[in-house]
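Let's take a walk through this structure together, one stop at a time. Have the sequence and the 3D view open side by side as you read.

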Amino acid sequence: MLQKDGFFRNRRDESFRQTQPIAPAPVIAPAPSMESDKKVDERKESKLVVGPDIKLKGVEISDCDTLVVEGRVDATLDARILEIAENGVFQGTIAADQAEIRGRFEGEITVRKQLVILGTGKVSGKVRYAKIKVEEGAELSGDLAVLDKSATAINVNTKRVANA
């Protein structure tokens with residue numbers, strides 16, 4: 001059996017603890033460069049990847065910095081960057097700053113900066129762009145228009161572009 005005196009036997013220890021001040025733990029502030037890196041990290045890029053076996057249908061995708069399409073997407077999109085992989089398919093309406101198409105697009109696309117259609121890319125529909133780059137072998141058909149600063153468009157109709 002335990003005795004109460006055994007737990008509180010040393011009263012001197014209590015008086016020692018009362019007379020000795022306890023130093024607070026040091027506070028370590030982050031270096032200024034770490035704080036600026038932290039602010040950059042606070043704004044993470046929002047990126048959506050639709051994988052090869054994924055089908056996304058009937059949605060509106062917004063507040064997306066980058067969309068990578070490896071599967072099938074039937075949607076309305078407003079993004080900074082669009083990438084359609086070689087086996088990717090996008091059907092719908094797109095507004096983007098930049099687009100790189102290796103796969104297939106059908107619908108209406110407006111690219112505010114540069115549209116790149118690589119050799120494996122197939123684009124059809126209503127296409128609006130500020131700048132365009134089309135590799136040999138790419139297919140481009142539909143209603144094409146150049147966006148310019150005065151908001152007038154130059155319409156071009158074409159069926160297939162071999163060299164651009």
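**Starting from a buried aspartate**

Asp 65 is buried, with a relative accessible area of 8%. Keep in mind as you look around that the model is predicted. Asp 65 makes a good first stop, as this residue has a charged partner: Arg 80 forms a salt bridge with Asp 65, and the closest N and O atoms are 4.0 Å apart. Asp 65 sits in strand S2 (residues 55–69) and Arg 80 in strand S3 (residues 72–84), so the pair ties together parts that are 15 residues apart in sequence. Arg 80 has a relative accessible area of 40% and is therefore partly exposed, while Asp 65 is buried.

Let's step back for the overall layout. The chain holds 3 helices and 8 strands. Reading from the N terminus, you will meet the elements in the order α-α-α-β-β-β-β-β-β-β-β. Of the 164 residues in the chain, 26% are buried. The accessible surface of the chain comes to about 11,700 Å², and carbon and sulfur atoms account for 51% of that surface. As for contacts with a separation of 6 or more, 5% of those in the chain are between residues 24 or more positions apart.

Now back to the charged pairs. Side chains of opposite charge can pair when their charged atoms come close. The count for this model is 6 salt bridges. One of them joins Asp 78 to Arg 112, with the closest N and O atoms 3.6 Å apart. This pair links distant parts of the chain, since Asp 78 belongs to strand S3 and Arg 112 to strand S5, 34 residues apart. Asp 78 is partly exposed at 42% relative accessibility, and Arg 112 is partly exposed as well, with a relative accessible area of 39%. Another salt bridge runs between Arg 102 and Glu 100, where the closest N and O atoms are 3.1 Å apart. Here Arg 102 counts as partly exposed at 38% relative accessibility, and Glu 100 counts as partly exposed at 29%. Salt bridges with shared partners also join Asp 78, Asp 97 and Arg 112 into one network.

From charges, let's turn to the nonpolar interior. Which residues of the largest nonpolar core touch the most other members? Among its 28 residues, they are Leu 67, Leu 82, Phe 90, Ile 109 and Leu 115. Two or more residues of this core come from each of S2, S3, strand S4 (89–101), S5, strand S6 (122–134) and strand S7 (139–147). S3 gives the most, with 6 residues.

Ile 109 is a handy place to look around. Leaving out residues up to four places away in sequence, Ile 109 touches Leu 82, Ile 94, Ala 99, Ile 101, Leu 115, Lys 126, Val 127 and Arg 128.

For a last stop, find Phe 105 in strand S5 (residues 104–117). Is Phe 105 buried or exposed? Its relative accessible area is 0%, so Phe 105 is buried. With residues up to four places away in sequence set aside, Phe 105 touches Ile 84, Phe 90, Gly 92, Ile 94, Lys 122, Val 123 and Ser 124. You can also trace from Phe 105 to Gly 125: the two are 20 residues apart in sequence, and their C-alpha atoms are 8.2 Å apart in space.

Conventions
Residues numbered from 1 in each chain as written. Predicted model: local features only at pLDDT ≥ 70, side-chain atom pairs only at ≥ 80, totals over all residues. Heavy atoms only, no water. Helix = DSSP H or I, 4+ residues; strand = E, 2+ residues; numbered from the N terminus. Buried < 20%, exposed > 50% of the residue type's maximum accessible area, 1.4 Å probe, protein only. Contact = heavy atoms within 4.5 Å. Areas by Shrake-Rupley, 256 points an atom, 1.4 Å probe, with all protein chains shown as cover. Salt bridge = Lys/Arg side-chain N within 4 Å of Asp/Glu carboxyl O. Core = buried A, V, L, I, M, F, W, Y, C linked by side-chain atoms within 4.5 Å.
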